[in-house]
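Thanks for coming. I will go through one structure today, starting with its sheets and ending with a few single residues.

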Amino acid sequence: MNIILLGPPGAGKGTQASHLVDDFGMAQLSTGDMLRAARKAGTPLGERVAAVMDSGGLVSDEIVDDLICDKLDSMPDDQGAIFDGYPRTAAQAHSLDKILADRGRTLDFVIELNVDEDALVDRITGRFTCASCGEGYHDRYKLPKVEGVCDNCGSTEFKRRPDDNEETVRTRMAEYRAKTAPILPIYDERGLVRRIDGMQSIDEVTKEIEAIIGKK
Ligand code: AP5
């Protein structure tokens, strides 16, 4: 099973991908996470993409295509892939077709999370993650069960993303509308798109995604 989770910043792609990793043993291929890891490690790639990411713009197609290839090549052939935040441009969508075909994989679904953009600013500016294991939380919608302690690993250190401020979020949304939303018709024509109301609770969205995947 290979699926794409598509939706604007804050739609819940990362949140839902981590549920699918837990429930189906699939691998999450988040280009945003890969780029942030490169920055944290201080690699030349990380230094090259830092300014673009902090502005809310998109890094080059070649960079993210290469990251996806490397990750797929490190996975067992029979492990399912969840593409989270990739593809984001028509060029990336065409690259993904070739990347999958070269590896004998086929795309099963493109799941679009439909959301109200005004609510997304609230979601994103309230988001924080465990500094140790990366588990995601929110100031109002998903707090740790014990205040200040990660549910997943027990760490007491949390962090917030530098691009999670209102101004950058607005730029990221504009990039989504201009460059990413237009790729949906490519997948609509192939009958692969399934649309979900992403404004439901996290659990309800998970149930709907799992119902779609389970039908395959
Ligand atoms: P990336 O990391 O991909 O960021 P993004 O697409 O802007 O998406 P987010 O991670 O902000 O949102 P999400 O949909 O995963 O939401 P989440 O589940 O966390 O990319 C960052 C940057 O990297 C880009 O700007 C670009 O520069 C670069 N980049 C990455 N990929 C690229 C590519 N392919 N090409 C070019 N450049 C690329 O949820 C958000 C919050 O809401 C959380 O706190 C969560 O708990 C909460 N929440 C989630 N679902 C719900 C719900 N149903 N109800 C209530 N709260 C919810």
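Before the first pair of residues, one term: two strands count as paired if DSSP finds at least two bridges between them. With that in hand, Leu6 stands opposite Glu112 in strand 4. Please keep in mind throughout that this is a predicted model.

Leu6 belongs to strand 1, so let me stay there. Strand 1, residues 2-6, and strand 4, residues 109-114, are paired in the parallel sense over 4 bridges. Besides the Leu6 position, Ile3 stands opposite Phe109 in strand 4. Strand 1 also pairs with strand 3, again in the parallel sense and over 4 bridges. There, Asn2 has Ala81 as its bridge partner.

Is strand 1 enclosed or open to the outside? Of its 5 residues, 5 are buried, so the rest of the structure largely encloses this strand. In general, side chains in a regular strand alternate between the two faces of the sheet. Here, Asn2, Ile4 and Leu6 point one way, while Ile3 and Leu5 point the other way, and all are buried.

Now the whole sheet. Its 5 strands come in the order 2-3-1-4-8, with parallel pairing, and the sheet is open. Strand 2 and strand 8, the latter at 193-197, stand at the edges with a single partner strand each, so each has one side without a neighbour in the sheet. On average, neighbouring strands here are turned by 25° against each other, direction ignored.

What lies across strand 2 and strand 3? That is helix 4, which runs at about 165° to strand 2. Helix 4 covers residues 61-73, and there is a simple length check: at 1.5 Å a residue, its 13 residues should span 18 Å, and the end C-alpha atoms are 18 Å apart, which agrees. Its buried residues are Asp61, Ile63, Val64, Asp65, Leu67, Ile68, Cys69 and Leu72. These pack against strand 2 (27-30), helix 2 (31-41), helix 3 (44-55), strand 3 (81-84) and helix 5 (90-102).

Between strand 3 and helix 5 there is a loop, and Pro87 sits in it. The peptide bond from Tyr86 to Pro87 is cis, with omega near 0°.

On to the second sheet. This open sheet has 3 strands in the order 6-5-7, and the pairing is antiparallel. Strand 6 (136-138) and strand 7 (158-159) are the edge strands, each pairing on one side only.

Strand 5, residues 127-130, is joined to strand 6 by 3 bridges and to strand 7 by 2 bridges. Thr129 takes part on both sides: its bridge partner in strand 6 is Gly136, and in strand 7 Thr129 stands opposite Lys159. Next along, Cys130 has Phe158 of strand 7 as its bridge partner. Strand 5 and strand 6 also form a hairpin, with 5 residues between them. In that turn, Gly134 has a positive phi of about 85°.

Next, the ligand. Which residues come nearest to it? Of the 33 residues around the ligand, the nearest are Thr15, Gly57, Arg88, Arg127 and Arg172. Three glycines also make backbone contacts with ligand oxygen atoms. For Gly10, a backbone N or O atom lies 2.9 Å from an oxygen atom of the ligand. For Gly12, the distance from a polar backbone atom to a ligand oxygen is 3.0 Å. For Gly14, a backbone N or O atom lies 2.8 Å from an oxygen of the ligand.

Gly57 comes up again with Glu175, a residue of helix 7, residues 166-180. Leaving out residues up to four places away in sequence, Glu175 touches Gly56, Gly57, Leu58 and Thr180. Is Glu175 buried or exposed? At 15% relative accessibility, Glu175 counts as buried; the cut-off for buried is under 20%.

Thr15, for its part, is a contact of Ile202. Ile202 lies in helix 9, residues 202-215, and at 31% relative accessibility it counts as partly exposed. Setting aside neighbours within four places in sequence, Ile202 is in contact with Thr15, Gln16 and His19. How far is Ile202 from Ile186? These residues are 16 residues apart along the chain, and their C-alpha atoms are separated by 28 Å.

That is where I will stop.

How values were computed
Residues are numbered from 1 along each chain as its sequence is written. This is a predicted model: local features need pLDDT of at least 70, side-chain atom pairs count only at pLDDT 80 or more; totals for chains, interfaces and linings use all residues. Side-chain values use heavy atoms; hydrogens and water are left out. The expected span of a helix is 1.5 Å times one less than its number of residues. Buried means under 20% relative accessible area, exposed over 50%, partly exposed in between (1.4 Å probe, protein chains only). Contact means heavy atoms within 4.5 Å. Axes are lines fitted to C-alpha atoms, for helices over the stretch in contact, and angles run from 0 to 180 degrees between N-to-C directions. A residue is near a molecule or strand if one of its heavy atoms lies within 4 Å of it. A polar contact is a pair of N or O atoms within 3.5 Å; within protein, one must be able to donate a hydrogen and the other to accept it, and residues adjacent in sequence count only if both atoms are side-chain atoms.
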